[in-house]
Amino acid sequence: RSTQPMSISSSTDDGAANRVDASVAAPGTELHATTGMFPVDRQPKVHRPDQNPTGKRLAVLTLTALGVVYGDIGTSPLYSIKECFSPMYGLTPTRDNVYGILSLIVWALTLVISVKYVSFVLRADNRGEGGGFALLALIFPNRGLDRHGSQGKVLVALALCGIALLYGDGVITPAMSVLGAMEGLEIALPNVAHFIVPITVVILATLFFAQRLGTHMVGKAFGPIMLLWFVTIAVLGMREIVASPWILSAVNPMYAFGFLQTHGTLSFFVLGSVVLVITGGEALYADMGHFGRRPIRVAWLVLVFPALLLNYFGQGALLVRDPSAVANPFFLLAPKALLLPLLVLATCAAVVASQAMISGAFSVTRQGIQLGFIPRMEIRHTSKTEEGQIYIPEVNWFIAVGCLIIVMGFQNTSRLGAAYGIAVTGTMLITTILFYYVARMRFRWQAWQAMTATAVFLTVDIAFFSANAVKVAHGGWVPLALGAGLFLLMLTWKRGRALLSRRLSNETMPIQLFLDSVAHPAVHRVSGTAVFMTGSDNGVPPVLLHHLKHNKVLHERVLLVSVKTADVPETSASERIRVIPLGQGFWRVIATYGFMESPNVPRVLAVVDQMGIRCKPMETSYFMGRERLIPVPGRSDEPFALPRWRKVLFGIMSRNARSATEFFDIPPNRVVELGTQIEF
């Protein structure tokens with residue numbers, strides 16, 4: 001068959017002279033829409049970051065990245081050093097101990113963030129997009145879950161574990177950040193310190209309630225707030241460093257080795273708190289698609305990294321000078337007159353850090369839905385110009401409930417630190433393993449190169465993860481349990497959909513046999529256009545067979561519409577829509593979207609209408625199938641085999657998933673639903 005692309009006009013005028021008449025194309029001739037995915041007046045503006053921005057553009061992107069990417073790691077000084085000297089360790093802030101912990105902090109930030117993420121992991125971009133699903137798509141482009149082989153299935157499982165733990169991080173981060181800021185009340189206003197938990201609950205509840213309004217206007221303030229935050233913490237640290245410049249010698253890694261050697265097992269446990277300084281590091285990679293690699297690197301190297309080091313050194317100098325400051329060394333860096341303004345600024349920074357994780361969870365969820373790992377959910381676009389600004393109510397309230405329960409259950413950052421660390425280190429460990437395969441398969445590194453880099457990163461990651469793993473009984477079970485539950489749901493949904501598709505394909509009538517049967521004069525045709533949604537791009541949709549069986553008629557124009565997801569963030573106009581005439585007034589329409597895009601079937605039909613196949617909104621009816629799934633025992637050797645209890649779980653998820661009508665933005669008053677029972 002011919003695959004020569006055919007250009008179309010982006011005009012919406014029915015009488016446009018230059019419109020391609022696809023209705024006269026020969027059966028089997030594949031037509032492509034190569035210009036104008038949508039009519040001009042409805043074209044959304046999707047802003048992709050520049051690959052190499054310079055000058056003013058680089059400055060703007062760098063400032064914006066401060067508010068989204070670095071909110072989490074930027075608020076770590078609120079609690080990190082305090083937790084390293086937690087009473088549970090029995091570690092006193094002597095000069096040697098302070099130097100040892102500072103050295104561990106410096107080299108954790110350097111090796112994990114500066115070297116691993118900024119220098120290496122940020123290279124693993126999928127057309128500029130980062131994150132767990134983007135990494136998975138890089139490793140297995142254009143391949144189904146069933147074709148990965150045993151090693152591939154392990155990697156898919158690892159990726160899903162990392163994504164599940166990232167949700168756990170999203171639940172814990174708002175609680176940890178806001179609690180850390182509110183604990184400043186113990187220093188600034190001791191009389192109201194017993195209200196820390198209620199105030200934290202109110203702030204978080206307000207933040208989650210406001211998500212439905214969108215973050216466009218608030219987002220503009222995130223960058224300046226975090227710029228002020230990083231400048232402030234740098235200045236606070238410099239005040240102590242100027243008075244005690246000798247503290248800078250803690251950059252020597254020998255102090256870290258000396259601390260580990262002197263304290264033995266105790267130092268291993270302390271690593272579980274040192275890891276708090278790198279929380280949020282995964283956001284550098286996950287949010288790369290919003291700003292690009294260069295602004296994220298510039299922000300880290302020019303401002304964030306120096307500001308964090310200055311503040312940590314300042315806290316260390318304060319502890320050496322005044323060991324009693326271990327109660328809250330961050331807030332005790334500030335003069336008493338500035339405690340309240342610092343508390344307000346810390347609260348704002350904590351809200352920014354929380355918002356960044358919540359928005360990230362929305363983005364990851366949409367990717368998972370498009371790639372088939374998560375059931376359909378309601379996705380609201382909160383901006384008319386920014387495609388990436390979305391709100392998913394189910395995810396928002398899931399995180400909100402989990403976050404508030406954690407705040408009321410753990411009460412303070414000391415107890416919460418154990419739960420926080422294992423989610424972060426688990427995600428980072430999995431990212432390192434997956435990066436090895438990206439380096440080998442996509443970067444074409446030699447085996448020794450990839451193994452050397454991976455071995456260095458794994459040594460650090462395993463040390464941090466192990467130090468937090470011993471805290472499972474003290475709160476680390478929370479993100480593990482949450483992650484295990486989400487992992488089970490994602491894998492069940494993916495395998496359940498694959499099993500269901502296989503069962504449906506086995507019962508599908510070949511398209512040519514069907515077309516031959518409807519050519520008979522006894523099949524009555526009525527005016528208008530019928531659209532049958534189908535997950536397969538071959539065969540006849542079961543809903544079409546049910547429609548013909550019960551209604552005994554067919555429309556004069558019948559479109560079999562399939563929506564596919566590519567392994568890239570966005571697809572171009574030439575990649576997005578293909579139309580294949582089948583004959584007898586039938587066409588197959590295949591719309592391909594990226595995993596960062598939201599499908600919209602009426603807009604697809606607007607393009608098809610421009611190609612000459614009449615699809616006017618008031619003349620088009622959509623026929624959808626409503627499946628009732630009946631789980632039955634299956635053979636253990638069949639593809640995608642699932643035990644009956646997981647089939648029941650899949651059925652529950654399917655019933656509660658958002659309907660295809662809503663998800664594809666189809667006008668509900670133009671939809672006809674036909675029910676069917678499927679044994680699977």
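This passage walks through one helix, two helix pairs and a small set of strands in a predicted model.

Helix α1 covers residues 55-68, so to speak a regular stretch: its 14 residues reach 21 Å from the first C-alpha to the last, close to the 20 Å expected at 1.5 Å a residue. Its buried residues are Leu58, Leu61, Thr62, Ala65, Leu66 and Gly67. As for that kind of spacing, an α-helix has 3.6 residues a turn, so residues three or four places apart point the same way.

Next come the helix pairs. The axes of α17 (residues 413-441) and α18 (residues 447-469) come within 9 Å and cross at roughly 170°. That angle is over 145 degrees, so the two helices count as roughly antiparallel to each other. Sorted by class, the α17–α18 contact has 16 nonpolar, seven polar and two charged residues.

Helices α10 (residues 253-263) and α11 (residues 265-274) have axes that come within 5 Å and cross at roughly 125°, and are therefore oblique to each other. On the α10 side, the contact is made by Phe259, Leu260 and His263, while α11 brings in Thr265, Leu266, Ser267 and Val270. By class, that works out as four nonpolar, three polar and no charged residues.

Now for the strands. Strand β6 (residues 577-583) is mostly covered, with six of its seven residues buried. β6 pairs with β1 (residues 31-32) in the antiparallel sense over two bridges, and Leu31 sits opposite Val579 of β6. β6 also pairs with β7 (residues 586-593), again antiparallel, over six bridges; here Pro581 faces Trp587 of β7. Two residues lie between the strands in the β6–β7 hairpin, where Gln584 takes a positive phi near 60°.

Conventions
Residues numbered from 1 in each chain as written. Predicted model: local features only at pLDDT ≥ 70, side-chain atom pairs only at ≥ 80, totals over all residues. Heavy atoms only, no water. Helix = DSSP H or I, 4+ residues; strand = E, 2+ residues; numbered from the N terminus. Expected span 1.5 Å × (residues − 1). Buried < 20%, exposed > 50% of the residue type's maximum accessible area, 1.4 Å probe, protein only. Axes fitted to C-alpha atoms, helices over the stretch in contact; angles between N-to-C directions. Parallel < 35°, antiparallel > 145°, perpendicular 65-115°, else oblique. Nonpolar A, V, L, I, M, F, W, Y, C, P; charged D, E, K, R; others polar. Contact = heavy atoms within 4.5 Å. Pairing = 2+ DSSP bridges.
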